[in-house]
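Trainee: I am new to this structure and would like a close look at a single part of it. Could you take one sheet and walk me through how it is put together and what lies around it?

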Amino acid sequence: MQFSRIVYIELYKTFRKPRTYIAFAAIAAIVGLIQLGFYADGDNYIQFGMQSLSDSFDIGGEVLNGYLMAYIILQTMLMQVPLLIALVSGDMISGEANLGTLRLLLTKPISRTTLILGKFAASSIYTIALLMWMALWSLGISVLVFGANDMLILKSDQVTQIISSDVVWRYVAAFAYACLAMITVSSLAFFLSLFAENSIGPIMATMSIIIVFTILNTLDLPIFNSVKPFLFTSHMLGWKGFFDVKLNVNNEQIVGSIENLRAVLISGLILLFHVLGFLSASILVFKKKDILS
Amino acid sequence: MNSVIQISHLSKRFNNFTAVDDLSFSVNEGEVYGFLGQNGAGKSTTIRMMLSLIKPTEGSINIFGLSLEKEREQILSKIGAVVEKPDLYKYLSAYENMKLFSTMCGLSLGRAEIMKQLAVVGLEKRANDRVKVFSQGMKQRLGIAVALVNNPSLIILDEPTNGLDPQGIADMRSLILMLSKEQGKTLLVSSHLLSEVEQIADSMIIIDKGKKMVEGKVSELINPEKVQVEIISLDNNAAKEVVLASQWASGLIEASLEKILLETKKELIPDLFKFLVEQGILLVSIRSTNTLESYFLSITK
């Protein structure tokens, strides 16, 4: 009861702040621009990408369709979205400290654990809302504008074709996974916001950690190989696994299949452990914290 | 009389700095308790510990007979507080702030009830204005309305007159007296102005460098008969000579080119004024200065 009250209050405050809507506007603008670009010049782009395949395959139908557009947009944006997530999550505690309202909140009869859980839940709900907004624009609007057809995914060594009836559930799963990945970012920014009295620090620190970890991922040096599997950034693009399909002996897609489901689940679990770790650390730190702001 | 607050051997150290040092005091039910000290004396740190914002290094805090460490939520449900500045959500209106904090306290107050509470602090006509357009005085009053939203038995106000104009200070004083006398609330009011506390408090404590200097009934601690008088004239040297040669010389504390300070009985101030005028001293001002500094000096002599 007390927890749901706090979540309601935190959501109310979050959605009354103008900065909350920056992320929604930014996503609508970026996705809209990508869609406009592909609407105007997408066929040339696709033809260029398919050049090497046209000699070996007979490609028919609308390759550039809503499903492919959503894939392209997701791939482009999921590394930029963390900044938009950190904008709100990094402000959850530090923003209150900066306003001076943190001490007022803590003079009310609510336990610190409940408060931190309520705030975390609110920032997670915001993250999910942002991803749903992104899904609406990247998938919903794309399908409306570009239509729906079989999805052709071009990778360095292969082309995957997913029949249109087998695509939607994959997107539902991919967005659910993306929510988990972004909640990981959100929980990191949330944790860092405990140590600051303005939101710039936690936002910058969150982005710095993501950048450093991403660089470590790309460096093919043995010294870093042992830590890479444990970095959350190594698993943030795990949603792509839902678009890797199994093929039968005739090289045809097996409907409803995922090539390496175990790897996707392990990646999801690692992200979940990170979320729980950041959340537990936040509770421990906040319970002992002297409120001096 | 029951003790509402009991502080025992409370200390708080930040690394090598001791902000509060072995402080003990108690506040009785229904009284206005003045918590006095210079800036940096440890008042806000003590208040933060009483509200569990800061954990004490040593000592215990019991409020309503319960241990703050063990019964935090139960105790806080009966306390209203404004700590230092009355910071509120600037992007929300006064009404929304009230609604939000009442919900946080587990109350579901209707609009009429919230408006009634805003009327107590004179903000009912500004209920829908955002806090960011409020003056310091209005923020202070709204802070008190938020503190009162759960109808607390104990109200803790940290420097409530800070940043207020003279009218605001008078309004705040009336509000504190109304809460105490009409509603029977227990109030702990911190201040660095002795004259402020003198007018509202029943009991008081003075702390310095985190330590208790003195505690007791205001009427017993401050001798109302004796006051310090500051005299400023166009020629302070001449005034000094006149004072030294008169019956007032025994009360002389300090004489400089800027001012003359002397101690006398309150009812004799008009006589002093008359005497100086008769002696041809061109007075600029003559006023009683029961400042905390002077009181400190008198109790540490």
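Mentor: What follows looks at one sheet of chain B, then at the chain that holds it, and lastly at a helix pair in the other chain.

Please keep in mind throughout that this is a predicted model. The part I would choose is an open sheet of six strands in chain B, whose order is β6-β7-β8-β3-β9-β10 and whose pairing is mixed. At its two edges lie β6, residues 79-82, and β10, residues 211-217, both of chain B, and each of these pairs on one side only. If you go from strand to neighbouring strand, the turn of one against the other is 15° on average, with direction ignored.

Within this sheet, a good place to rest your eye is the pair formed by β7(B), residues 154-158, and β8(B), residues 186-191, which run parallel and are joined by five bridges. In this pair, Ile156(B) has Leu188(B) of β8(B) standing opposite. Two helices of chain B pack on the sheet, and they can be taken in turn. Helix α5(B), residues 136-148, touches β6 and β7 of chain B, and its direction makes about 160° with that of β6(B). Helix α6(B), residues 166-181, touches β3 (32-37), β7 and β8 of chain B, and its direction makes about 155° with that of β8(B). Strand β7(B) is thus touched by α5(B) and also by α6(B).

To place the sheet in its chain, it helps to know that the secondary structure of chain B comes to eleven helices and 14 strands, and that the C-alpha trace of the chain spans about 70 × 45 × 40 Å along its principal axes. Of the 301 residues in chain B, 40% are buried. Among the contacts in chain B with a separation of 6 or more, 68% are between residues 24 or more positions apart.

The edge strand β6(B) also leads us towards the other chain. Chain B has 22 residues in contact with 19 residues of chain A, and β6(B), together with α2(B) (72-76) and α3(B) (94-104), is among the elements that each supply at least two residues to that side of chain B. The largest share comes from α3(B), with four residues. Sorted by class, the side of chain B that touches chain A holds 15 nonpolar, two polar and five charged residues.

For the packing of helices against each other, turn to chain A, where the axes of α4(A), residues 81-89, and α7(A), residues 112-146, come within 10 Å and cross at roughly 150°. Because of that angle, α4(A) is roughly antiparallel to α7(A), and the crossing in which α4(A) passes α7(A) is right-handed. On the α4(A) side the contact is made by Leu84(A), Ile85(A), Val88(A) and Ser89(A), while α7(A) contributes Ser123(A), Tyr126(A), Thr127(A) and Leu130(A). These contact residues divide into five nonpolar and three polar, with no charged residue. Helix α4(A) is mostly covered, since eight of its nine residues are buried, and the buried ones include Val81(A), Pro82(A), Ala86(A) and Leu87(A).

Note on methods. Residues are numbered from 1 along each chain as its sequence is written. Chains are lettered from A and ligands numbered from 1 in the order in which they are written. This is a predicted model: local features need pLDDT of at least 70, side-chain atom pairs count only at pLDDT 80 or more; totals for chains, interfaces and linings use all residues. Two strands pair if DSSP finds at least two bridges between them. Axes are lines fitted to C-alpha atoms, for helices over the stretch in contact, and angles run from 0 to 180 degrees between N-to-C directions. Two residues are in contact if their C-beta atoms, placed from the backbone, lie within 7 Å. Ala, Val, Leu, Ile, Met, Phe, Trp, Tyr, Cys and Pro count as nonpolar, Asp, Glu, Lys and Arg as charged, and the others, Gly among them, as polar. Angles under 35 degrees count as roughly parallel, over 145 as roughly antiparallel, 65 to 115 as roughly perpendicular and the rest as oblique. A crossing is left-handed if the near helix is turned anticlockwise from the far one by less than a right angle, and right-handed if clockwise. A residue is buried if 20 or more other C-beta atoms lie within 10 Å of its own, exposed if 12 or fewer, and partly exposed in between; C-beta atoms are placed from the backbone.
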